[in-house]
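Colleague: I would like to understand the wording people use for models like this one. Could you take me through it, with the reasoning behind each term?

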Amino acid sequence: LDTRSLKYLYMNGNPLCNFGVITLTNDVVKNRSLEFINLAETKMKKESARALSALFQENHRISSIILKNNFIEQEGISMICIGLRQNRSLKTLDLSSTSCEDMAAAPLMKMFKQ
């Protein structure tokens, strides 16, 4: 499947878990057209964040990322922030109900200051 022209990826509510999110992310990592990702309620955990970080490092056009209601935790949030450092298009980042603690705010604030 050629995913190079894909702009919107909605997978919310599907129980992809880590394996599914990582596989999906690896399939679209070279896509430079992707602008919107909704992976809410996919049962992903912090292990998926490394693959998402790689995707975000490759694609700087992503403007909306919805990851709510997953168990990403602080370590995963930190990895996602690393991937988003060069992104200047981001308008929406929904990390609500991702089991992150107060300490997750530090990498987010650092990312937004850059």
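Modeller: Gladly. Let me begin with axes: they are lines fitted to C-alpha atoms, for helices over the stretch in contact, and the angles between N-to-C directions run from 0 to 180 degrees. Please keep in mind that this is a predicted model. In it, the axes of H2 and H3 come within 7 Å and cross at roughly 10°.

Colleague: Why are H2 and H3 called roughly parallel?

Modeller: Angles under 35 degrees count as roughly parallel. The crossing of H2 and H3 is roughly 10°, so these two helices are roughly parallel to each other.

Colleague: Which residues of H2 and H3 meet?

Modeller: From H2 there are Lys-46, Ala-49, Arg-50, Ser-53, Phe-56 and Gln-57, and they meet Glu-73, Glu-75, Gly-76, Met-79, Ile-80, Ile-82 and Gly-83 of H3. By type, the residues of this contact between H2 and H3 divide into five nonpolar, four polar and four charged.

Colleague: Ser-53 is on that list. Is Ser-53 buried or exposed, and how do you know?

Modeller: Buried means under 20% relative accessible area. Ser-53 has 5%, so Ser-53 is buried. Its place is in helix H2, and, leaving aside neighbours within four places in sequence, Ser-53 is in contact with Met-79, Ile-82 and Gly-83.

Colleague: What can you say about the axes of H1 and H2?

Modeller: They come within 9 Å and cross at roughly 10°. With the limit for roughly parallel at under 35 degrees, H1 and H2 are therefore roughly parallel to each other. Cys-17, Asn-18, Val-21, Ile-22, Thr-25, Asn-26 and Val-28 of H1 make the contact with Glu-47, Ser-48, Ala-51, Leu-52 and Leu-55 of H2. These residues divide into seven nonpolar, four polar and one charged.

Colleague: What makes Val-21 a buried residue?

Modeller: Its relative accessible area is 0%, and the cut-off for buried is under 20%, so Val-21 is buried. Val-21 lies in helix H1. Not counting residues up to four places away in sequence, Val-21 touches Leu-16, Leu-39, Thr-42, Met-44 and Ser-48. Val-21 and Ser-48 are 27 residues apart in sequence, but 6.2 Å apart in space, C-alpha to C-alpha.

Colleague: What does the largest nonpolar core consist of?

Modeller: A nonpolar core is a set of buried residues of certain types, joined through side-chain atoms within 4.5 Å. The largest one here has 22 residues, and those with the most contacts inside it are Ile-37, Leu-39, Met-44, Leu-55, Phe-56, Leu-67 and Ile-80. Helix H1 (17-28), helix H2 (46-58) and helix H3 (73-83) are the elements that give two or more residues to this core. Take Ile-80: leaving aside neighbours within four places in sequence, Ile-80 is in contact with Ala-49, Phe-56, Leu-67 and Ile-72.

Colleague: As a bench person, I always ask about cysteines. How many disulfides are there?

Modeller: The count comes to zero disulfides. The rule asks for a pair of cysteine sulfur atoms within 2.5 Å. As for accessibility, Cys-17 is partly exposed at 34% relative accessible area, whereas Cys-81 is buried at 4%.

Colleague: Why is Lys-43 called exposed?

Modeller: Exposed means over 50% relative accessible area. Lys-43 has 55%, so Lys-43 counts as exposed. Lys-43 is found in the loop between strand S2 (36-38) and H2. Its contacts, leaving aside neighbours within four places in sequence, are Pro-15, Cys-17, Asn-18 and Asn-70.

Colleague: What is notable about the phi of Glu-41?

Modeller: Most residues other than glycine have a negative phi. Glu-41 has a positive phi of about 55° although it is not a glycine. The place of Glu-41 is in the loop between S2 and H2. Asn-69, in the loop between strand S3 (64-66) and H3, has a positive phi too, of about 60°.

Colleague: Why is Asn-69 called partly exposed?

Modeller: Partly exposed lies between the limits of 20% and 50%. Asn-69 has a relative accessible area of 36%, so Asn-69 is partly exposed. Glu-41, at 43%, is partly exposed as well.

Colleague: And the chain as a whole, what is its pattern?

Modeller: Read along the sequence, the chain follows β-α-β-α-β-α-β-α, with four helices and four strands. Of its 114 residues, 43% count as buried.

Terms used:
Residues numbered from 1 in each chain as written. Predicted model: local features only at pLDDT ≥ 70, side-chain atom pairs only at ≥ 80, totals over all residues. Heavy atoms only, no water. Buried < 20%, exposed > 50% of the residue type's maximum accessible area, 1.4 Å probe, protein only. Contact = heavy atoms within 4.5 Å. Parallel < 35°, antiparallel > 145°, perpendicular 65-115°, else oblique. Nonpolar A, V, L, I, M, F, W, Y, C, P; charged D, E, K, R; others polar.
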